[in-house]
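Welcome to a short tour of one protein model and the ligand it holds. Have the viewer open as you read, and follow along from strand to pocket to loop.

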Amino acid sequence: MPELPENTAVSIHPAKKLQQVLGYAEPIFNASMAGAAGGALAAAVSAAGGFGMLGIGGNTTKEWIDGEAAIAASSGRPWGAGLMAWVLDKNLDPLEQVLEHGPSFVCISFGEPGPAAALVHESGALTGMQVGNAAELSRALEDDIDVVICRGNEGGGHGRNEVSTLPLLQLALEKTNKPVIAAGGLATSAGVAAVLGAGASAAWIGTRFAAATESMSHRNIKDAIGAAGIDDTIYTRAFDIAQRIDWPVEYGGRALRNDFSDNWAEDLEALGATVDASDALTDSINEARAKADPSLAPVYAGQSAGLSAAGQSAAEIVADLARFRSVLQQAAQRWEFA
Ligand SMILES: Cc1cc2nc3c(=O)[nH]c(=O)nc-3n(C[C@H](O)[C@H](O)[C@H](O)COP(=O)(O)O)c2cc1C
């Protein structure tokens with residue numbers, strides 16, 4: 001099973017070590033996204049040379065995990081999974097279930113990863129953790145985490161709203177020789193080149209892959225992401241309050257602004273009182289989710305929605321992002337001393 005080799009006399013950059021250990025050609029990970037990153041997306045990304053991740057949400061059944069993990073593994077290429085630490089605090093079963101399928105890398109984010117990280121290591125896989133501020137970064141530099149994922153607040157889905165991707169990445173690169181992956185706001189070969197040029201080991205990309213053909217998201221949701229601009233998102237807890245989902249309060253979510261967020265995001269107290277008083281609002285948002293109505297349902301997406309299109313395959317996206325090499329080459333030539 002994979003293991004990050006110790007530093008030898010000849011120093012190998014952490015990016016190359018991680019690539020060797022996880023065995024991908026392109027330093028492109030699809031983010032673990034509950035509701036979007038099922039086995040089909042993970043398998044397609046791995047088959048295209050990137051590293052495919054399964055997103056395991058809060059209410060995931062064993063049947064779902066068994067089915068989707070088998071699909072993720074069907075590419076014959078290495079793959080991984082991401083789970084929420086605050087969910088695993090209550091029940092480690094989803095982690096144990098996915099580990100039975102042999103992922104090479106497991107990312108435990110949003111809370112204290114301790115016992116879960118120990119289980120991952122027992123299985124022989126590498127551990128990762130998404131971090132959203134300096135304190136979480138310090139936590140991730142402890143021994144039980146192998147790979148740090150710096151997730152800036154421009155990113156889609158849940159996370160902290162404290163620091164953006166580049167400051168967090170720069171801090172991490174100053175502090176550690178562990179592989180550091182950049183996440184949040186990356187959707188083009190230029191963005192990937194920027195973080196790899198800075199020293200990141202890979203790019204972790206959510207929103208653009210959420211709109212891919214292999215994503216589990218409904219077509220309406222993908223179209224809404226494809227139609228959005230970079231300034232069409234909002235960071236809010238309103239959707240969680242309305243759905244009575246008990247995410248820890250420090251982790252709100254970045255989603256497309258819509259009629260629901262326009263009505264409620266500015267007044268969470270009134271929203272809480274309304275939800276406490278009756279089921280009507282919760283029912284209406286659950287119905288909107290079932291119908292994939294983007295005007296009311298949460299469409300989790302980051303600022304990079306404005307750089308993402310619906311209807312592209314994961315292979316097309318990986319190939320497009322892999323053009324980071326020519327971006328880096330052109331930059332090197334541009335700034336070469338005469
Ligand atoms: C639709 C969606 C669902 C997400 N679900 C999860 C999740 O289940 N677990 C997780 O660790 N991160 C989740 N995230 C966050 C991503 O892992 C990642 O941090 C983020 O997508 C990076 O920013 P980007 O969207 O700008 O690429 C989700 C993101 C999106 C867009």
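## A covered strand and its neighbours

In this predicted model, strand β3, residues 79-84, is mostly covered, with 6 of its 6 residues buried. Which residues point which way from β3? W79, A81 and L83 point to one side, while G80, G82 and M84 point to the other, and all of them are buried.

β3 has a partner on the β2 side. Strand β2, residues 52-55, runs parallel to β3, and the two are joined by 4 bridges. If you would like one position to look at, L54 stands opposite A81 in β3. On its way from β2 to β3 the chain passes through helix α3, residues 62-73, and this β-α-β crossover is right-handed. The side chains of β2 also alternate: G52 and L54 point one way from the strand, M53 and G55 point the other way, and all are buried.

Strand β4, residues 105-109, pairs with β3 as well, again in the parallel sense, over 5 bridges. Here G82 has C107 in β4 as its bridge partner.

## Around the ligand

Now for the pocket. The ligand has 19 residues around it, and those that come nearest are Q130, R151, G185, G206 and T207. What classes of residue make up the shell around the ligand? By class, there are 8 nonpolar, 10 polar and 1 charged residues.

Three side chains with polar atoms close to ligand oxygen atoms are set out below.

| Side chain | Partner | Distance |
|---|---|---|
| Q130, N or O atom | oxygen atom of the ligand | 2.7 Å |
| W204, N or O atom | oxygen atom of the ligand | 3.1 Å |
| S304, polar atom | oxygen atom of the ligand | 3.2 Å |

How much of the ligand does the protein bury? Taken alone, the ligand exposes 600 Å², and the protein buries 95% of that.

## Buried polar and charged residues

S304 turns up again beyond its ligand contact. Its backbone oxygen lies 2.8 Å from a polar atom of the S308 side chain. S308 sits in the loop between α15 (280-291) and α16 (314-321). Is S308 buried or exposed? S308 counts as buried because its relative accessibility is 6%, under the 20% cut-off.

S304 can also be placed relative to N258. The two residues are 46 apart in sequence, and their C-alpha atoms are 17 Å apart in space. N258 belongs to the loop between β11 (252-256) and α13 (259-264). With a relative accessible area of 5%, N258 is buried.

T236 offers another polar side chain with a backbone partner. T236 is part of strand β10, residues 233-236, and its side chain reaches the backbone nitrogen of A238 at 2.9 Å. The relative accessibility of T236 is 5%, so T236 counts as buried.

K17 lies in helix α1, residues 14-22. Why does K17 count as buried? The reason is its relative accessibility of 11%, which is again under 20%. For a sense of distance across the model, K17 and D89 are 72 residues apart along the chain, and their C-alpha atoms are separated by 31 Å.

## Two positive phi angles

Before leaving, take a look at the backbone torsions. Most residues other than glycine have a negative phi. F110 has a positive phi of about 70° although it is not a glycine. F110 is found in the loop between β4 and α6 (114-123), and with a relative accessible area of 10% F110 is buried.

R244 has a positive phi too, of about 60°, and R244 is not a glycine either. Where is R244 found? R244 is in the loop between α12 (238-243) and β11. Its relative accessibility is 43%, so R244 counts as partly exposed, a class that falls between the 20% limit for buried and the 50% limit for exposed. Set side by side, F110 is buried, whereas R244 is partly exposed.

Conventions
Residues are numbered from 1 along each chain as its sequence is written. This is a predicted model: local features need pLDDT of at least 70, side-chain atom pairs count only at pLDDT 80 or more; totals for chains, interfaces and linings use all residues. Side-chain values use heavy atoms; hydrogens and water are left out. Buried means under 20% relative accessible area, exposed over 50%, partly exposed in between (1.4 Å probe, protein chains only). Two strands pair if DSSP finds at least two bridges between them. A crossover is right-handed if, with the strands pointing away from the viewer, the path from the first strand over the helix to the second runs clockwise. A residue is near a molecule or strand if one of its heavy atoms lies within 4 Å of it. A polar contact is a pair of N or O atoms within 3.5 Å; within protein, one must be able to donate a hydrogen and the other to accept it, and residues adjacent in sequence count only if both atoms are side-chain atoms. Accessible areas come from the Shrake-Rupley method with a 1.4 Å probe; for residues, only the protein chains shown count as cover. Ala, Val, Leu, Ile, Met, Phe, Trp, Tyr, Cys and Pro count as nonpolar, Asp, Glu, Lys and Arg as charged, and the others, Gly among them, as polar.
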